[in-house]
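Biologist: Please take me through the reasoning behind the labels given to this protein model. I should like each term set against its criterion.

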Amino acid sequence: MTRDDLRTFRTLEMNFESIGLLQSGAEDFSCFCTPVDAEYVGRIGCDGVHFVLLPGDERVFCVDPAMGEVGTFVLPVAGDFQEFLSFVLFCQNANPLSQIWWMTEERFRELLAEDAAARATGNFVDLFIKKDAALAAIEAAFGVVPTDPYEKVKVMQAAFDPDVLRFSDEYFDTLGIERE
């Protein structure tokens with residue numbers, strides 16, 4: 001189901017960049033810490049952070065080469081693609097999902113409030129029009145509702161065993177660690 005949902009998502013007529021899920025660059029999205037055989041979901045457009053699906057797994061993962069460290073370069077951010085979209089709707093962007101792993105709940109709420117405050121200034125009107133249209137397209141296409149991700153993602157990440165991830169030789173070479 002998740003992969004069918006991803007295909008449907010990609011057909012939506014919307015500005016993917018406005019919600020931090022750029023589709024351009026899908027042909028060359030990987031970096032040293034992208035797991036082998038990962039399927040591209042989207043990228044936030046900053047620091048190489050991108051979201052992927054892994055073979056045989058319904059979860060959506062965030063890959064963060066810039067701020068990550070061994071054991072946190074790749075972490076789950078949703079149980080499946082529709083849940084991921086419900087989290088994006090709540091946050092109004094995928095970027096906050098990429099940062100939950102290191103944030104306290106207070107800091108997470110502050111980040112969301114900063115985004116809401118930016119909207120209230122009346123600046124960036126075009127961006128918010130595109131964002132609102134993208135979020136509405138997701139709601140209409142999938143029937144998902146905004147869902148607060150913080151606690152669910154924290155629990156999922158705390159229980160995640162990164163040993164299930166498969167990496168290329170580039171990963172081990174870049175980090176200077178031995179392949180087990």
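Modeller: The structure is a predicted model. Let us begin with the second largest pocket, where the lining residues divide into nine nonpolar, two polar and five charged.

Biologist: Which residues lie nearest the centre of the second largest pocket, and how much space does it hold?

Modeller: Pro-162, Asp-163, Phe-167, Tyr-171 and Phe-172 lie nearest the centre, out of 16 lining residues. The space in this second largest pocket is about 350 Å³.

Biologist: What can be said of the largest pocket, and which helix gives the most to its lining?

Modeller: The volume of the largest pocket is about 430 Å³. Its lining comprises 21 residues, and those closest to the centre are Gln-92, Asn-93, Asn-95, Asp-115 and Lys-131. Helix α4 gives the most, with six residues. At least two lining residues come from each of α2 (81-91), α3 (95-99), α4 (105-120) and α5 (125-142). By residue class, the lining has 12 nonpolar, five polar and four charged members.

Biologist: What makes a space a cavity and not a pocket, and how many cavities of 30 Å³ or more are there?

Modeller: In a cavity a 1.4 Å probe fits but cannot get out, whereas a pocket is open. One cavity of 30 Å³ or more is counted, and the largest cavity holds about 50 Å³ of space.

Biologist: Which residues line the largest cavity?

Modeller: The lining consists of Cys-62, Asp-64, Thr-72, Leu-75, Val-77, Leu-97, Ser-98, Trp-101 and Gln-157. Five of these residues are nonpolar, three polar and one charged. Strand β4 and helix α3 each supply at least two of them.

Biologist: How do you know that the buried residues of α6 line one face of the helix?

Modeller: The buried residues of α6 (residues 150-159) are Tyr-150, Val-153, Met-156 and Gln-157. Viewed down the helix axis, they fall within an arc of 140°, and therefore they line one face. In general, an α-helix has 3.6 residues a turn, so residues three or four places apart point the same way.

Biologist: What covers those buried residues, and which exposed residues does the opposite face carry?

Modeller: The cover includes β4 (74-78), α2 and α4. On the face turned away from the buried side of α6 are the exposed residues Glu-151, Ala-158 and Ala-159.

Biologist: Why is the pair of Phe-108 and Tyr-150 called tilted?

Modeller: There are 12 aromatic pairs by the ring-centre rule. The ring centres of Phe-108 and Tyr-150 are 5.4 Å apart, which is within the 6.5 Å limit, and their planes meet at 35°, which is neither under 30 degrees nor over 60, so the pair is tilted. This pair links distant parts of the chain, since Phe-108 is in helix α4 and Tyr-150 in helix α6, 42 residues apart.

Biologist: What makes the pair of Phe-167 and Tyr-171 stacked?

Modeller: Their ring planes are at 10°, under the 30 degrees cut-off, and their centres are 3.8 Å apart, so this pair is stacked. Both Phe-167 and Tyr-171 are buried.

Biologist: Why are Phe-108 and Tyr-150 called buried?

Modeller: Buried means under 20% relative accessible area. Phe-108 has 0%, so it is buried. Tyr-150 has 6%, so it too is buried.

Biologist: Which residues do ring pairs link into a cluster?

Modeller: The cluster consists of Phe-9, Phe-16, Phe-51, Phe-81, Phe-84 and Phe-142.

Biologist: Why does Ala-66 count as partly exposed?

Modeller: Its relative accessibility is 45%, which lies between the 20% and 50% cut-offs, so Ala-66 is partly exposed. Ala-66 is located in the loop between β3 (60-63) and β4.

Biologist: What is notable about phi of Asp-37, and why is this residue called exposed?

Modeller: Phi of Asp-37 is near 65°, a positive value in a residue other than glycine. Most residues other than glycine have a negative phi. The relative accessible area of Asp-37 is 51%, over the 50% cut-off, so Asp-37 is exposed. Asp-37 sits in the loop between α1 (2-11) and β1 (39-43).

Biologist: How do you know that Phe-124 is exposed, and where does it lie?

Modeller: At 55% relative accessibility, over the 50% cut-off, Phe-124 counts as exposed. Phe-124 lies in the loop between α4 and α5, and its phi is near 60°, a positive value.

Methods. Residues numbered from 1 in each chain as written. Predicted model: local features only at pLDDT ≥ 70, side-chain atom pairs only at ≥ 80, totals over all residues. Heavy atoms only, no water. 1 Å grid on protein atoms, 1.4 Å probe; cavity = no way out; pocket = protein on both sides within 12 Å on 5 of 7 lines; lining within 4 Å. Points joined across faces, edges and corners; volume = space filled by probe spheres on them. Helix = DSSP H or I, 4+ residues; strand = E, 2+ residues; numbered from the N terminus. Nonpolar A, V, L, I, M, F, W, Y, C, P; charged D, E, K, R; others polar. Buried < 20%, exposed > 50% of the residue type's maximum accessible area, 1.4 Å probe, protein only. Arc of directions from axis to C-beta. Contact = heavy atoms within 4.5 Å. Phe/Tyr/Trp six-rings, centres within 6.5 Å; stacked < 30°, edge-to-face > 60°.
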